[in-house]
Structures are given as C-alpha cells and as structure tokens.
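Biologist: Hi! Could you walk me through this one? I'd like to begin with a single residue and work outwards.

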Number of protein chains: 2
Amino acid sequence: MKITAKGEYGVRAMATLALEYRAGPIPLREIARREGISHQFLEQIFLPLRRAGLITSVRGAKGGYVLAKAPEEIKIGDIVRTLEGPIAPVECVVEGKEESCKRSSACLTRGIWERLRDTVSAVLDDITLADVITSIDAP
Amino acid sequence: MKITAKGEYGVRAMATLALEYRAGPIPLREIARREGISHQFLEQIFLPLRRAGLITSVRGAKGGYVLAKAPEEIKIGDIVRTLEGPIAPVECVVEGKEESCKRSSACLTRGIWERLRDTVSAVLDDITLADVITSIDAP
DNA sequence: AGAAAACCGAGTGATTTAATCGGGATTGTA
DNA sequence: TACAATCCCGATTAAATCACTCGGTTTTCT
C-alpha cells in the first residue's frame, strides 16, 4: 500500500507551487532544488501534471510553472490519480474496468477492495492544496 | 496504491479457510486449486500467516490448515499487515519509524499521508473474515 | 546572439515481484 | 513398516516496475 516517489514528489512539488501562487512562474530547477529532487525526474512528473491541466507552463527565459487553478480547487486526489493512475487497491476494482470476477471467493473479497478504494478516494479528494499549505497554522 | 498479489491471495485464501472453519484442516493444495493460485506460491504466503498466529497447521497425511481463531476475530488488517508489512503510504509515516523530516514542505505533506494511513488502517481493521463470508446474504 | 527555460522520447541499473525448484520433516493409513 | 500425503523452508529466477539519467529540440527574454 505504498505510493511511488512520483506521487510523493508530485504532491510536494505542487505544494511548493501553491506556496508561491501569484508569485509568477517558478522554474522547475528551483522547485527541484528546494525539495531535493532530481530536476530531470521532476520534469517527468510535471509533464503529465500539465497535460492534466493542473499546472501551466511559461516557456523561455524567466519561464517556469504556475498552478493552473487556485490551491483551493486542486485536490490531492487529482494529483495522485494523474501520476499514479486510478486509485484502486487491486486491478479488478478499477472504475470503468469492472469486468465481473470469475472466481467466487475472489468476488467475496471484492467488497473489501471497493470499500478501501472509495475511502482512499474520499480522503484524497477531501484535501486540497490550500489545506496543505495552511496546515502550518492549525496544529 | 496497489496491494501485491501476496496480499490479495492471502486474503482470498483466508476467506476460503473461513468458509470451511470447523470442517477440519484443509490442505493447501485444495485451497490453491479452488482459488486458481500456484500452490508453491501459496506456501510462501501461509508461512508468515502461521508465524503470525493467524492459522495453525496440521502436518502429515490428512493434514492442512485451519484458522487459528474464529472468523469474527480475524481482521483483514491483520492479514494485510502480516503479508505486506506496516500500512503506510510513504516510508516516513511508518509507525514506530517516525524520524522527523528534514525538508519543510515534506513535512507540509506529511499530514496527508498520516491521515491516509490511519483511514486505511481503520477500514481494514473494521472488516473481519466473518464479515467477508457473510456478505453473500447482505447485498 | 546567447542564455534560460520548458519539452520530450529513449535508455538504464537496481529493486521488487511473483513465482519456481528442490529438497527435508512429519504423520495417517495399508 | 512402507509409503503417500502433507507441511516446512531456503535458494534461485524471469519479468516487471521504479527511479532515475541522457541527449537532444524548441521557445522566449535580454
């Protein structure tokens, strides 16, 4: 039940962008430096985030990345799904892919994984970047 | 956010044992056959489950495995933790291992993973094998 | 022009996963 | 007692995944 470095770094980087929201575009190198992440790896992470419409890029000198929406409007679930694919503890409960199980007791246990999937989804969709960056104030 | 085949198979196999609780020891081969799992792989899964005290074994001919406790007393969380290690979406929120993060915004995001960890734990500890095998009745 | 930055596909070494292999020890039954 | 069924258990392996790195191209500011 781990998330990958891609997901973890992605959320960290997005939190950094949220902190600098309205400060103009931040270069990827700067974020990578602050977070101690390889900037080449972070490039790989920002590509899908941009394509998903979560960040916008400014090319050329003085360019960089900005959140595409206000921190209040970006859910952690959006980031995680973009970087890790659909939230589902086992393949057979991926939403959309619900082909009925052949084995009977596989289906017995299916309810567990559906419930887990929905709970995880709900938690990650309940937290926005705004919540993350204001959590300093509320201990 | 996937669990491994080990975890999934383990839960399936335990559900099978729960269905046959009080029917005497069931040979591993029989469980493997029913669930379509390699019996050699299932052996690897049953070893830690036995060492964790979740199942007991009967050696020799007519031997097999039995749940060590009633289905009501075995939580899915027990099985998953035994087979997959501690429930924690990222390394730095593994319980017991809580060394404080160095990076500031890593700690900003820490709350997310703690909340996720606790929620997942709570869901898996709320479901017992008894719940799983009786879910046929309650659609 | 030149530097700074985003864009992007391909490659790579290490680790993990999902098994298999090959045997040994125990016990009920003929 | 033989022997078949069963659990016990470390070692090995093939494939997949992960966490990067490489080597460039394109865009834009100064």
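**Rings, DNA and two chains**

Biologist: Is B:Tyr65 buried or exposed?

Modeller: B:Tyr65 counts as buried, because its relative accessibility is 17% (buried is under 20% relative accessible area, exposed over 50%, partly exposed in between, using a 1.4 Å probe and protein chains only). One caution: this is a predicted model, where local features need pLDDT of at least 70, side-chain atom pairs need 80 or more, and totals for chains, interfaces and linings use all residues, while side-chain values rest on heavy atoms without hydrogens or water. Residues are numbered from 1 along each chain as its sequence is written, and chains are lettered from A and ligands numbered from 1 in the order written.

Biologist: Got it. Let's talk about rings. How many aromatic pairs are there over all chains?

Modeller: The count is 4. Rings of Phe, Tyr and Trp (its six-membered ring) pair if their centres lie within 6.5 Å; planes under 30 degrees apart are stacked, over 60 edge-to-face, and the rest tilted.

Biologist: Can you show me one in chain A?

Modeller: Sure. A:Tyr9 and A:Phe41 make an edge-to-face pair, with 5.8 Å from centre to centre and 80° between the planes. A:Tyr9 sits in helix 1 (residues 5-19) of chain A and A:Phe41 in helix 3 (residues 39-51), so the pair ties together parts 32 residues apart in sequence. Helices (H or I, at least four residues) and strands (E, at least two) are DSSP runs, numbered from the N terminus.

Biologist: And how accessible are A:Tyr9 and A:Phe41?

Modeller: A:Tyr9 is partly exposed at 23% relative accessibility, and A:Phe41 is partly exposed at 27%.

Biologist: Back to B:Tyr65, then. Why is its pair with B:Phe46 called edge-to-face?

Modeller: Because the planes of the B:Phe46 and B:Tyr65 rings are at 85°, with centres 4.8 Å apart. This pair links distant parts of chain B: B:Phe46 is in helix 3 (residues 39-51) and B:Tyr65 in strand 2 (residues 64-67), 19 residues apart. B:Phe46 is buried too, with 0% relative accessibility.

Biologist: Changing topic: which residues come nearest to DNA strand C?

Modeller: There are 27 residues around DNA strand C (near means a heavy atom within 4 Å), and A:Arg50, A:Ser57, A:Tyr65, B:Ser38 and B:Gln44 come nearest. Of the atoms of DNA strand C within 4 Å of the protein, 64% belong to sugar and phosphate.

Biologist: What does B:Gln44 come close to there?

Modeller: A base oxygen of DNA strand C lies 2.7 Å from a polar side-chain atom of B:Gln44. Phosphate oxygens are approached as well: one is 3.1 Å from a side-chain N or O atom of B:Tyr9, and one is 3.1 Å from a polar backbone atom of B:Ala5.

Biologist: Which element gives the most to that surface?

Modeller: Helix 3 of chain A, with 5 residues near DNA strand C.

Biologist: Now DNA strand D. Who comes nearest?

Modeller: A:Ser38, A:Gln44, B:Arg50, B:Ser57 and B:Tyr65, out of 27 residues around DNA strand D. So your starting residue, B:Tyr65, turns up again! Sugar and phosphate make up 68% of the atoms of DNA strand D that come within 4 Å of the protein.

Biologist: Which base atoms of DNA strand D lie by B:Glu43 and B:Arg59?

Modeller: A base nitrogen is 2.8 Å from a polar side-chain atom of B:Glu43. For B:Arg59, a polar side-chain atom lies 3.3 Å from a base oxygen. Over in chain A, a backbone N or O atom of A:Ala5 is 3.1 Å from a phosphate oxygen of DNA strand D. Helix 3 of chain B supplies the largest share of this surface, 5 residues.

Biologist: Last topic! How many residues of each chain are in contact?

Modeller: 39 residues of chain B are in contact with 39 of chain A (contact means heavy atoms within 4.5 Å). The two chains bury about 3,600 Å² between them, 68% of it on carbon and sulfur atoms; buried area is the accessible area (1.4 Å probe) lost on putting two parts together, summed over both. B:Met1, B:Lys2 and B:Leu108 supply 21% of what chain B buries against chain A, more than any other three residues.

Biologist: What does B:Thr109 touch?

Modeller: A:Val11, A:Arg12, A:Ala15 and A:Val132, leaving out residues up to four places away in sequence. B:Thr109 lies in helix 5 (residues 104-126) of chain B and is buried, at 1% relative accessible area. Its partner A:Arg12 is in helix 1 of chain A and is buried as well, at 3%.

Notes
A polar contact is a pair of N or O atoms within 3.5 Å; within protein, one must be able to donate a hydrogen and the other to accept it, and residues adjacent in sequence count only if both atoms are side-chain atoms.
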